[in-house]
Each structure stands twice: as structure tokens, then as C-alpha cells.
Amino acid sequence: MKKLSVVVMVFCMSIIMVACGRTVDVGKNESNVTETSEEKHEQQKTANEKVAVGELGQMQTPIYDMITDFQEEYISVVETMSDSYDGYVKYKEEMNTFCEEMVVESKDTFSNLAEASIDYFEKAFGEYKDDKDALEDAIDDYYDEIYDGVLDDYYDDVYDGVLDDLYDDIYDGIISDAYEDLEYKEWSDASGEAYEMWSNTSSGVYKAWSDARSICYVIWSEASSQFYADNKDAEDVAKKLKEAMEERMQQIQDENKEDEKEVTEESLDEKTESSEASEEENATSSETTEEELIDGMRPEFKALMDSYEEFFDEYIAFMEKYAESTDTLSMMQDYLDYMEKYTEAMKKLEEMEDEEMNEKEAAYYLEVMTRINKKLLEASL
């Protein structure tokens, strides 16, 4: 259950960042389950429409080809599901395989990009060693076409494109629509499974992109340093670029190990706390009789969830007004009041999550969270 509240918090933070004067693009959707495959095909741009010329174009082409393959493969798999729950069940393994391959192929392609980047700069420093203007242009072109070009397009078309479609079409589409037709347990299991597939793939794709962007930036930065140091030895430049790249890769590996260690420790702590609290939670839950329930839920639970959703309705309306206002300064106190209310709402939610929910409460919890997430996704701030 806590996964859903984390999603809500992520979206809320994106809205807060806008209010602070920054532009944040977190999961904006350009398609929905009613969108036809023809419309999605029209959104795709092939490598020929985007690719640069020359050496940089050769470096871009594999990534743009990969993007196009992802878009076409996704459409192919989702169309076999025929926008139905039965189709999803029948072909979900194909979708899982596609998601796993998308992460692996992204990592491999970006690894090749890093190696090609070093070759690019070695050739540039060799060819333009006596022409500083041409060499500087080559360095700037790399930043524009690779770091700030094809990598940004990958983010837009895959992370903010294919994966947004996956969320809309499967989790918030086929699965959400099946809620009233299935037994709760089957629907809950399917919903959690679909969300996990989307979440894991999103994390993997984002990590692959983020690491690639970090490595390409390090390579570009070191090439710029060698340019300003007036290093005319192309082989020595390539050596220094490779060393910088490998150092950054090692840092990424160390960061990954540290993250894995923290996750493991947190998991062990949660299991210990859960074991210690389970007996007390079960006792608390059993104290509530059927006569005291409203639609199978504790009155205080339903009241909290309803007030939580009402808060977000008010909050979204305020933030939309705030984003359109030409005098945001006069609204700052109201904004701060909402931030205080937001903190209080999240605290109450966390307290509720720590309690044992019955089946009806768990279903209502998920229903409310799904509606809130949808509203936040639709809020164009």
C-alpha cells in the first residue's frame, strides 16, 4: 500500500516545484486508452527525421532506431490485448518480456555510445589539432547533438512516452476498468502486478538514461578541459577521456552497491517491526464489530480517506490558479497554508497505513489513491 502513497508524494513534489518557479516534467501523458494506434504511430519520429549528419549522426542512429523499435514493439504487444482484461492476462508475459528487454537494450546501446564518444573526440583532436575553432565547434556539437540532443529525445520518447502509455493503457486503463468485473483479490493482485511491472521498468529505463547522461557529460567535460589545456596529442586525450569515463562508471557501481545495502537494511528493519507489531495490530482490528462498520469500513478510516481526497481536490484547484496568476506573491500565504495542510494530511495517511486494513478498507484505499493519482496526472501545471 505504501507504494501508492509514494507515487502521490512524487506527483505532489512536481506540483510544488512548479509553484517555486521551476519547470518540472514528471510523467505528463500525451496519450490515453482511447487513443488509436494510428495516432500513436503519427507521434513517432524516425531516425531520419532527427538524426544529425556525419560522425555524430552515426552515433545517434542506433539510439533513434532503438526508440522507434520500442515504440513499435509496445504498440504491437498492447494491440494484441484488444483493450481487455482477458487479453492482458493472455499476453502479459509478452509485455513483461518487452519491458525487460527495453531496460537491457538501453544499457547496451548507451554503453556503446560512451565508447563511440571517446572515438569521436580522439578523431576530432587529431583532425583539428591546428584549428582551434573547428575543434571547439566539434566539442560544442557533441554537447548539442548527444548530451542535450539524442539523450533528451530518448527521455521524452521512452521514459515520458512509451512508459506513460504503458501506465495509461494497462495500469490506469485495462486493469482499472476491470475493477467492477473481478473478485477483489484477483483485481488487487493484477493491479499490483501491473503497477510493479511499470514501476520496475520505469526505474530501470531512468537509471540507464541517467547513467548514460552522466557518463557522456564527464566525457564532454574532460574533452573541454583538454581543449583549454591545448593538448594536441589525440591519443593522450583519448586515454584521459577513457580514464574519466571508467572513474565515473566505478562511482556509479559504488553508488548502486550502497543503494542495495540501504534497501536490504530497510527491508530487514521493516520485517522486524512488522513481526513485533502484528499481534497488537490483529488485536486492534478484532475489536471493531460488524455493527460499527460503514460499508464494511471503520468510520474513522473512511472519513480520513474522504477528507484526504477532498484536500487534493482543493490543492489542485489552488495550484492551477496559482500557476495562472500574475500576482503569485499575494497568494504566497495561502500557498504556505496548503503546504502545512499537506504535511498534516501525509502524516495522518502514514499513521493509517501503519494500521491493519480489512478487505473493504484496502479496496477503498486503493480506489481513492488511484483517483488522486489520475487527477494529479491530468493537472497540467
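## Close-up views of an all-helical predicted model

**View 1. A loop residue with a positive phi: Asp-230.** Asp-230 sits in the loop between helix 7 and helix 8. The structure shown here is a predicted model. As a general guide, most residues other than glycine have a negative phi. Asp-230 is a residue other than glycine, and its phi is positive, near 60°. Is Asp-230 buried or exposed, or does it fall in between? With a relative accessibility of 42%, Asp-230 counts as partly exposed, because that class runs between the 20% and 50% limits.

**View 2. The largest cavity and its lining.** Asp-230 turns up again here, as one of the residues that line the largest cavity. Its companions in the lining are Phe-125, Tyr-128, Lys-129, Lys-132, Leu-135, Gln-226, Phe-227, Asn-231 and Lys-232. Two elements give two or more residues each to this lining: helix 6 (132-177) and helix 7 (184-228). Which classes of residue face this space? Sorted by class, the lining has four nonpolar, four charged and two polar residues. The largest cavity encloses about 60 Å³ of space, and the structure holds one cavity of 30 Å³ or more.

**View 3. Helix 4, its bend and the residue that follows.** Helix 4 covers residues 54-80, which makes 27 residues. How far apart should its ends be, and how far apart are they? At 1.5 Å a residue the expected span is 39 Å, and the end C-alpha atoms are 39 Å apart, so the two values agree. Look along the helix for Gln-60, where helix 4 bends by about 30°. A proline, Pro-62, follows the bend within four residues. Just after helix 4 comes Ser-82, with a positive phi of about 55°. Ser-82 takes this value although it is not a glycine. Its place is in the loop between helix 4 and helix 5. Ser-82 counts as exposed because its relative accessibility, 56%, is over the 50% limit.

**View 4. A salt bridge between helix 5 and helix 7.** Here the side chains of Glu-193 and Lys-92 meet in a salt bridge, at 3.1 Å from N to O. Glu-193 belongs to helix 7 and Lys-92 to helix 5 (residues 85-127), so 101 residues of sequence separate the partners, and the pair links distant parts of the chain. Glu-193 is partly exposed, with a relative accessible area of 34%. Lys-92 is also partly exposed, at 21%.

**View 5. A salt bridge within helix 8.** Glu-246 and Lys-242 form a salt bridge whose closest N and O atoms are 3.8 Å apart. Both residues lie in helix 8 (residues 234-286), four residues apart, which is about one turn of the helix. Glu-246 is partly exposed, with a relative accessible area of 41%. Lys-242 is partly exposed too, at 35%.

**View 6. A buried salt bridge between a loop and helix 11.** The partners here are Glu-361 and Arg-298, with their closest N and O atoms 2.7 Å apart. What does this salt bridge tie together? Glu-361 lies in helix 11 (residues 359-378) and Arg-298 in the loop between helix 8 and helix 9, so the pair joins parts that are 63 residues apart in sequence. Both Glu-361 and Arg-298 are buried.

**View 7. A salt-bridge network.** Five residues are the ones to find in this view: Glu-309, Asp-313, Glu-367, Arg-371 and Lys-375, which are linked in a network of salt bridges. For the structure, the count comes to 17 salt bridges.

**View 8. Tyr-315 in helix 9.** Helix 9 spans residues 299-324 and contains Tyr-315. Tyr-315 is buried because its relative accessible area, 0%, is under the 20% limit. How far is Tyr-315 from Tyr-342, in sequence and in space? The two tyrosines are 27 residues apart in sequence and 8.6 Å apart in space, C-alpha to C-alpha.

**View 9. The chain as a whole.** To place the close-ups, it helps to step back to the protein chain, which has 11 helices and zero strands. Along the sequence the pattern reads α-α-α-α-α-α-α-α-α-α-α. The protein chain has 381 residues, of which 42% count as buried.

Methods:
Residues are numbered from 1 along each chain as its sequence is written. This is a predicted model: local features need pLDDT of at least 70, side-chain atom pairs count only at pLDDT 80 or more; totals for chains, interfaces and linings use all residues. Side-chain values use heavy atoms; hydrogens and water are left out. Buried means under 20% relative accessible area, exposed over 50%, partly exposed in between (1.4 Å probe, protein chains only). On a 1 Å grid over the protein atoms alone, a cavity is a set of points where a 1.4 Å probe fits but cannot get out, and a pocket is an open set with protein on both sides within 12 Å along at least five of seven lines; lining residues have an atom within 4 Å of a point. Grid points are joined across faces, edges and corners, and a volume is the space filled by probe spheres set on the points. Ala, Val, Leu, Ile, Met, Phe, Trp, Tyr, Cys and Pro count as nonpolar, Asp, Glu, Lys and Arg as charged, and the others, Gly among them, as polar. The expected span of a helix is 1.5 Å times one less than its number of residues. The bend at a residue is the angle between axes fitted to the seven residues ending there and the seven starting there. A salt bridge is a side-chain nitrogen of Lys or Arg within 4 Å of a carboxyl oxygen of Asp or Glu.
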